[in-house]
Amino acid sequence: CKLLELKGRDLQALIDHEPATVSRFMHRAIVRVVSSEQDLIRRLRGRNAELQSALDDLRVTAHRLNQSEELNRTDELTSLGNRRGLNAFLERMGEADGLHGYGLMLIDCDRFKEVNDQYGHLIGDRVLQSVANILRSLPGENDFACRLGGAEFCLVMHAAPEELLRYANYIVSTAQSLRMTQHSPPLITTLSVGAYLVDPTGDWDDWYVCADAALYRAKRVGGNRVEWQD
């Protein structure tokens, strides 16, 4: 094997006198370069496919995590939010524009224990689902409906006081109308509502105490009514 370094006139002389030799050399060099490039392209395509597969796996994992997080924030029986979802909503709203102009309604099923005792917990669950169906029809995009636990629900809504009272009365009257259909076992109980216009300088505990005071007054006089707490 002889290694030659050709410069200038020597290279031109070789091209002039031995073009076949130069042609063979150039052909072999180009074939080698093309082969190398093709191998590189194949490897890059394989790597790209691996990266795409990894991204797809990440998207699937993220979707599953989001679904899992959503389930963790949802009440299994009624598909409304639960306390964890409520806390996330309040935290999110606090980071945004706050809760100026929001109202809180606490909703409780009247004599719910009697339904459970007389007809069983399966019927009691159906009653809770009927209440949830009423509440689900009300919230707007930036509102939140929640089952706090047992037979107690809440609505956090952006509404003026008169609108909040109108919604509260709608909840009570709708439940009363369904109750008057005389289904046995019952589809729903009458409802009591305590309503309160949120003070943005306070926190959930303050708001709950105020709305709960109104709810207690409604329950104390027999339920099936709305009470407002200033």
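A disulfide, as counted here, is a pair of cysteine sulfur atoms within 2.5 Å. Keep that cut-off in mind for the opening stop of this tour, and remember throughout that the model is predicted.

**Stop 1: the cysteines**

Select Cys109 and look for the closest cysteine sulfur. That sulfur belongs to Cys154 and is 13 Å away, so the two are too far apart for a bond. Is Cys109 buried or exposed? With a relative accessibility of 3%, Cys109 counts as buried.

Now move to Cys154. The nearest cysteine sulfur to this residue is the one in Cys146, at 4.3 Å, and Cys154 is in no disulfide. Cys154 counts as buried because its relative accessibility is 0%. How many disulfides does the rule give? The count is zero.

**Stop 2: Arg147 and its surroundings**

Next, select Arg147, which you will find in strand S2, spanning residues 144-149. Arg147 has a relative accessibility of 15%, so it counts as buried. The cut-off for that label is under 20%.

Which side chain shares a polar contact with the side chain of Arg147? Show Asp75 as well: a polar contact of 3.3 Å joins the two side chains. To see more of the setting, display other residues in contact with Arg147 beyond its neighbours within four places in sequence, including Leu77, Thr78, Leu80, Leu128, Glu152 and Phe153.

**Stop 3: two residues with positive phi**

Most residues other than glycine have a negative phi. With that in mind, go to Ser79, in the loop between helix H2 (19-72) and helix H3 (83-95). Ser79 is not a glycine, yet its phi is positive, at about 65°.

Then jump to Asn224, placed in the loop between helix H7 (204-220) and strand S5 (226-229). Here, too, you meet a positive phi in a residue other than glycine, with a value near 55°. Asn224 has a relative accessibility of 29%, so it counts as partly exposed.

**Stop 4: a nonpolar patch**

Finish by switching on the surface and selecting Leu4, Leu6, Leu11 and Ile15. Which kind of surface patch do these residues make? Leu4, Leu6, Leu11 and Ile15 make a nonpolar one of about 330 Å².

Pick out Leu6 from this group: Leu6 sits in the segment before helix H1 (9-17). At 34% relative accessibility, Leu6 counts as partly exposed.

How values were computed:
Residues numbered from 1 in each chain as written. Predicted model: local features only at pLDDT ≥ 70, side-chain atom pairs only at ≥ 80, totals over all residues. Heavy atoms only, no water. Patch = residues over 30% accessible without salt bridge, like charges linked within 9 Å, V, L, I, M, F, W, Y side chains within 5 Å. Areas by Shrake-Rupley, 256 points an atom, 1.4 Å probe, with all protein chains shown as cover. Salt bridge = Lys/Arg side-chain N within 4 Å of Asp/Glu carboxyl O. Helix = DSSP H or I, 4+ residues; strand = E, 2+ residues; numbered from the N terminus. Buried < 20%, exposed > 50% of the residue type's maximum accessible area, 1.4 Å probe, protein only. Polar contact = N/O pair within 3.5 Å; in protein donor to acceptor, adjacent residues only side chain to side chain. Contact = heavy atoms within 4.5 Å.
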